[in-house]
Each structure stands twice: as C-alpha cells, then as structure tokens.
Amino acid sequence: MPPLHDDAVGRLLERFGPPVDDVVHDMEARAARESFPTVGPAVGRTLALCVRLSGARSILELGSGFGYSAYWMARALPEDGFVVLTDRDTERLRAAREYFERGGLTDHAVYGHGDAIELAADLPGTFDLVVLDHDTADYGRGFEAVRELVAPGGALLADNVAVYGDVLTPAGLVATLDGEPAPTPRTEAVAGFLRRVDADPEFEPYLLPVDEGLLVAPRVR
Ligand SMILES: C[S@@+](CC[C@H](N)C(=O)[O-])C[C@H]1O[C@@H](n2cnc3c(N)ncnc32)[C@H](O)[C@@H]1O
C-alpha cells in the first residue's frame, strides 16, 4: 500500500533512531522475501520513540507476526519492561521467540498464541501501551477488547489507519491520494474505529503521518 509520504522521506526517517542490529536486518530481509506486512522501519522507529518518551514498562501488542514491531519496542524498554506478543500463527510466533533470543531480549517478552482479542479479554491489569496491528477490519472489536487494558496516562497505538490510499480522520474518509474517495468495507471499518476512539472522552487521538498512518491515542483519564 502507498505510504503517506514519498520514499525520500521514508529513507530520511530511517537515518534516525537506534542502529539496526543483525536481528532487525534479518527480519527486514525475511519480510521482503515473504512479502509479509511488518510495520516497516519508519513505524518501527516511531514505536520505539513512543516507548522512550512514555517511559512505558508494559506493552501489549495485538498481531505481532514474527516480532518485528515488538522487537523495536522491546529494545527501547527499561530493564524491567516487557512486551506481550500475540498472534494466532504458531510458526510466526515461534520465529519471534527465536529473534528475541538472538537479540538478548528473551526476558522482555511474553508470548500469547491464539486469537489476540480473546487473549486480551483474559489478561489481568493494565498496560502502558497497547498496540493494534492485527487486522484493520477488526480494529473496532480490538478496541473494545483492550480499552480497559490501557492504563490512565498510557496510550493506545494503531498502525495502518490510513489504508489503501485513503486518508482517514475520526470524522471519516476525507481524501484519497489518487482521485475521488472510494470507501471499501475495510476503510469504513477503520473509519468506524477512529470515530469510536475519537468519541471516547478518555482518549485523545492523534495521527502521525508515518508510512500508512499511526494512530497515537493517549488515555487522558
Ligand atoms: C500486519 S501483521 C503484524 C505485523 C507485526 N506487528 C510486525 O510489525 O511485524 C498482522 C498479524 O496479525 C495476525 N492476526 C490477525 N488477526 C489476528 C487475531 N484476531 N488474533 C491473533 N493474530 C491475528 C496475523 O496472523 C499476522 O501475523
């Protein structure tokens, strides 16, 4: 899908942030080989920045794949921080575990295999950051499942909220990158999710125009 910015900006974003280690490099090669939709290097760095700025110690991610986004976040955690990775794909989660081991981050990871939304419903306590990256069409259900898991002062993050060339705001579909707005069931679902978060007085959503759009919604009360 087209990012919200051109390649030159993307390359510039990749010049900043922590150095890429061998594990990140291998995960990026694997994503390219398998055409697997990781969050990508620009959003990976932005997630790491969110962890650093918020001082997050606990992170829950819905839809971790083989761990690319979680790995970026884990590297930015403090000593006692952890990320819960979830995915229903056994093989991808196994690969994530291996990448975390290779990167010396085993102590910062907990793995949940199965439907991320069902898993979230069973989790005790709250998280400083909750990241949605499972299936954009299912973000609405994901939000309902994790809403109470976002600690006050923490934040909800959601990737790919400007999807398929359409730029969305909480008000709905506002523009396309090429031509007239053409809502699809998926863009309608994301628009519904954004409206829901925007209408929630406990969240204050912002859109970061990185790659396909990253929603950052601090829980303000
Ligand atoms: C976009 S990829 C995640 C990429 C990952 N965050 C990264 O940056 O590498 C979406 C992942 O979510 C998983 N997924 C989608 N819906 C799910 C659900 N309801 N429960 C668990 N996993 C789900 C898919 O198996 C896939 O691995």
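In the predicted model, the second largest pocket is lined by 14 residues, and those nearest its centre are Gly-17, Pro-18, Arg-45, Thr-46 and Leu-49. Two elements, helix 3 and helix 4, each give two or more residues to this lining. Helix 3 makes the greatest contribution, supplying six residues. By class, the lining of the second largest pocket comprises nine nonpolar, two polar and three charged residues. The volume of this pocket is about 260 Å³.

The largest pocket encloses about 1000 Å³ of space. Its lining is formed by 41 residues, among which Phe-36, Pro-37, Asp-133, His-134 and Asn-160 lie nearest the centre. Several elements each provide at least two lining residues: helix 2 (22–34), helix 3 (40–54), helix 4 (68–75), strand 2 (82–87), helix 6 (116–121) and helix 7 (139–146). The lining of the largest pocket divides into 15 nonpolar, 13 polar and 13 charged residues.

Helix 4 thus contributes to the lining of the largest pocket and also to that of the second largest pocket. The surroundings of this helix were examined further. Seven of the eight residues of helix 4 are buried, and the helix is therefore largely enclosed by the rest of the structure; here, buried denotes a relative accessible area under 20%. The buried residues are Tyr-68, Ser-69, Ala-70, Tyr-71, Trp-72, Met-73 and Ala-74. These residues pack against three helices, namely helix 2, helix 3 and helix 5 (90–102), and against strand 1 (58–62), strand 2 and strand 4 (127–132).

Conventions
Residues numbered from 1 in each chain as written. Predicted model: local features only at pLDDT ≥ 70, side-chain atom pairs only at ≥ 80, totals over all residues. Heavy atoms only, no water. 1 Å grid on protein atoms, 1.4 Å probe; cavity = no way out; pocket = protein on both sides within 12 Å on 5 of 7 lines; lining within 4 Å. Points joined across faces, edges and corners; volume = space filled by probe spheres on them. Helix = DSSP H or I, 4+ residues; strand = E, 2+ residues; numbered from the N terminus. Nonpolar A, V, L, I, M, F, W, Y, C, P; charged D, E, K, R; others polar. Buried < 20%, exposed > 50% of the residue type's maximum accessible area, 1.4 Å probe, protein only. Contact = heavy atoms within 4.5 Å.
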